[in-house]
Structures are given as C-alpha cells and as structure tokens.
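I opened my notebook for another look at a fold, with helix packing and cysteines on my list. Here is what I looked up, in the order I went.

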Amino acid sequence: MTSDAPFSAPLLADALATGTLVLDGGMSNQLESAGHDLSDELWSARLLAERPEAITEAHLAYFEAGANVAITSSYQATFEGFARRGIKRERAAELMSLSIELALNATEEARAKGVTRPLYVAASVGPYGAMLADGSEYRGRYGLSVAELEAFHRPRLEALAFVGPDVLALETVPDADEAEALLRAVRGLGMPAWLSYSVAGDRTRAGQPLEEAFALAADVDEVIAVGVNCCAPEDVDGAIEIAARVTGKPVVVYPNSGETWDAEARTWAGRSTFATEEVRGWQEAGARLIGGCCRVGPEAITSISGALRAS
C-alpha cells in the first residue's frame with residue numbers, strides 16, 4: 001500500500017538519539033570542481049548573489065552521494081562582509097535566507113531523484129575571523145570581548161533562524177571565548193544548534209584545553225551536538241572522547257582531507273590523510289554526525305555513508 005502523504009523526517013535531535021547521520025563534504029571544493037572561481041573575500045557566499053543554482057547543484061551532489069545533512073553556503077555570509085561589497089542590510093538578510101532555501105531546494109530535487117532517507121539542512125554560522133578573510137579564523141583571539149562577539153553573531157543567527165533550518169551549525173570556532181559568545185547568542189532563538197571547534201591536538205586553535213571549551217556547551221539545552229571540524233583527521237579521535245565525556249551529548253565530526261591551508265597564497269598544500277576506514281571507530285566512540293570539511297568531496301561521502309550503513 002502506498003501513501004501520497006509528504007515524507008516526514010524525525011527531528012534531528014531525535015534522529016541522533018537513535019543512529020548516525022552522514023554530513024556533506026566541502027562546499028568550496030565542490031563548487032571549484034564545477035569550475036567556479038572562489039578567490040574572493042566572500043568565498044562561496046558570493047555565489048548566493050551571482051550563481052545560486054550552482055549552490056543547489058553542489059548540495060544535490062552530496063545528497064546523491066549519501067549525505068543526510070546539507071550545510072548551507074552561509075559560512076562567510078555576514079552583514080559586515082556583504083556591506084564591504086556594497087550590499088545593503090536588507091539584501092544581505094535575503095541572501096542569508098536564500099542559502100537555506102537553496103539547500104531545501106536540493107532536498108526536493110533529491111527526493112525527485114529517488115532519495116528516500118531523512119534529509120536535513122544545517123545553517124552554517126562561521127566564526128568572526130571568516131568575515132575578516134585573513135586566516136584569523138584559524139587562530140582566534142581577535143581582540144574583541146565576548147559581548148562584542150555576541151553582538152556580531154546574533155543578528156545573522158536571528159536572520160538564519162527565522163527561515164527555519166533544522167539546526168544551526170556553529171562551526172569552525174577557533175576560540176572558547178567566541179564559543180561562549182555564540183552560545184549566548186543562540187539562547188532564546190528556539191532553534192537547535194551544534195557547536196564545532198577547529199582544533200590542533202587537544203586544544204582549540206586559540207590554545208584553550210578542549211575540556212574547558214566543550215564544557216561551555218554541556219548545560220546549554222539548545223546544543224544538540226558538540227565536536228570538531230576543519231581539523232586534521234588525526235585530531236578527531238581524541239576530540240570525540242573529550243567531547244562525549246565532558247558534555248554527554250552526541251558528537252559531530254567533519255575533518256579536512258589532511259591538507260594544509262595557506263591563507264597568504266589562498267591555496268591548499270600537502271597530501272590527503274583522510275581515511276574513510278576510520279569512521280566506524282569514530283561512530284563507536286560516540287560520533288553521531290560524521291562527514292568531511294575542506295577538500296572532502298562526494299566520493300569520500302559515499303565511502304563514509306557505505307561504511308556507516310554497513311555497521
């Protein structure tokens with residue numbers, strides 16, 4: 001017996017309580033592989049205004065590869081960053097909203113192509129340093145107070161939450177002070193969030209111990225997962241153990257390929273050390289959202305999906 005009722009996925013938090021979901025891979029590398037030039041301070045956010053259909057295509061490629069969750073192209077979308085390009089506040093808010101709508105469009109296209117598993121949209125909220133486009137997102141310590149960082153983040157969090165994604169992805173956070181600001185800013189929005197640090201070893205990029213950094217989110221009801229992204233694959237195992245132990249929450253992990261970003265040359269160097277064989281161990285350690293970040297493409301997401309669904 002068939003039904004014409006629309007597909008209804010469980011809430012993301014409920015899904016994490018019962019299983020593991022696959023995140024997408026890097027938005028920028030997927031767009032670049034399609035021939036789009038991202039050598040711009042707005043990075044992939046520039047295409048929200050210029051080539052929005054390209055973003056939908058990138059999301060769709062990851063859904064077809066096996067991802068459950070699309071992370072939007074709003075990582076570098078800020079009121080301040082758009083203003084530098086002469087984009088007024090109202091239009092900037094429209095572009096932030098569009099980032100979610102494009103991902104939702106991709107879920108509809110995936111359904112039309114026969115994808116039946118639950119699909120979700122995570123609205124990306126990058127760190128303050130991403131707006132500066134000078135590599136400081138990998139260092140933190142911007143010289144701003146927690147209150148100043150909260151004032152920076154809250155307006156765009158409100159703009160993104162208004163559209164109604166499944167979750168806010170507070171990602172690539174290099175500094176526990178910025179995490180505190182983000183956690184303050186999500187309170188009262190009525191929207192779940194995950195908090196994901198960029199790390200080096202057992203510390204944030206700014207040098208704080210991960211035990212202290214993760215502890216900030218332990219009692220924040222809005223946070224449904226904590227973890228790491230945009231880090232080396234070898235940093236994941238230790239981070240999962242600390243995040244799960246300190247917070248008791250599901251863990252989110254989506255490392256880079258293992259190559260290194262040269263902020264001055266704006267290019268990647270080195271070789272990939274990402275091995276999809278590791279993901280089963282990540283899952284067993286407590287990771288419930290697993291994918292890839294920079295330089296991790298659809299082929300790797302297919303491998304991750306296959307590994308997790310075989311478990």
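**Helix crossings, cysteines and one alanine**

I started with helices α6 and α8, and I noted that they cross in a right-handed sense. I am working from a predicted model here. Helix α8 covers residues 146-163, and the axes of α6 and α8 lie 9 Å apart at an angle of about 50°. I therefore wrote the pair down as oblique to each other. Next I listed who touches whom: α6 brings R89, M96, S97, S99 and I100, while α8 brings P155, R156, A159, L160 and V163. Sorted by class, this contact of α6 with α8 has six nonpolar, two polar and two charged residues.

I stayed with α6, residues 89-112, and turned to α4, residues 52-65. Their axes come within 8 Å and cross at roughly 45°, so this pair is oblique too. The handedness of the α4 and α6 crossing is again right-handed. On the α4 side I found P52, I55, T56, H59, L60 and F63. They meet L98, L102, A103, N105, A106, T107, E109 and A110 of α6. I sorted the residues of this α4 and α6 contact as well, and got nine nonpolar, four polar and one charged.

Then I went to the cysteines. How many disulfides does the structure hold? I found zero. I wanted to know why C230 is unpaired, since a disulfide needs two sulfur atoms within 2.5 Å. The closest cysteine sulfur to that of C230 belongs to C294, and at 4.0 Å it is too far for a bond. C230 is also buried, at 2% relative accessibility. For C231, the closest cysteine sulfur is the one in C230, at 7.8 Å, so that is too far for a bond as well. I have C231 down as buried, with a relative accessible area of 1%.

My last stop was A244, which I found in helix α11, residues 236-247. Is A244 buried, partly exposed or exposed? Its relative accessible area is 25%, so I put A244 down as partly exposed. Leaving aside residues up to four places away in sequence, A244 touches K249, V251 and A285. I also checked A244 against G286, which is 42 residues away along the chain, and their C-alpha atoms are separated by 6.5 Å.

How values were computed:
Residues numbered from 1 in each chain as written. Predicted model: local features only at pLDDT ≥ 70, side-chain atom pairs only at ≥ 80, totals over all residues. Heavy atoms only, no water. Axes fitted to C-alpha atoms, helices over the stretch in contact; angles between N-to-C directions. Helix = DSSP H or I, 4+ residues; strand = E, 2+ residues; numbered from the N terminus. Parallel < 35°, antiparallel > 145°, perpendicular 65-115°, else oblique. Left-handed = near helix turned anticlockwise from the far one by under 90°. Contact = heavy atoms within 4.5 Å. Nonpolar A, V, L, I, M, F, W, Y, C, P; charged D, E, K, R; others polar. Buried < 20%, exposed > 50% of the residue type's maximum accessible area, 1.4 Å probe, protein only.
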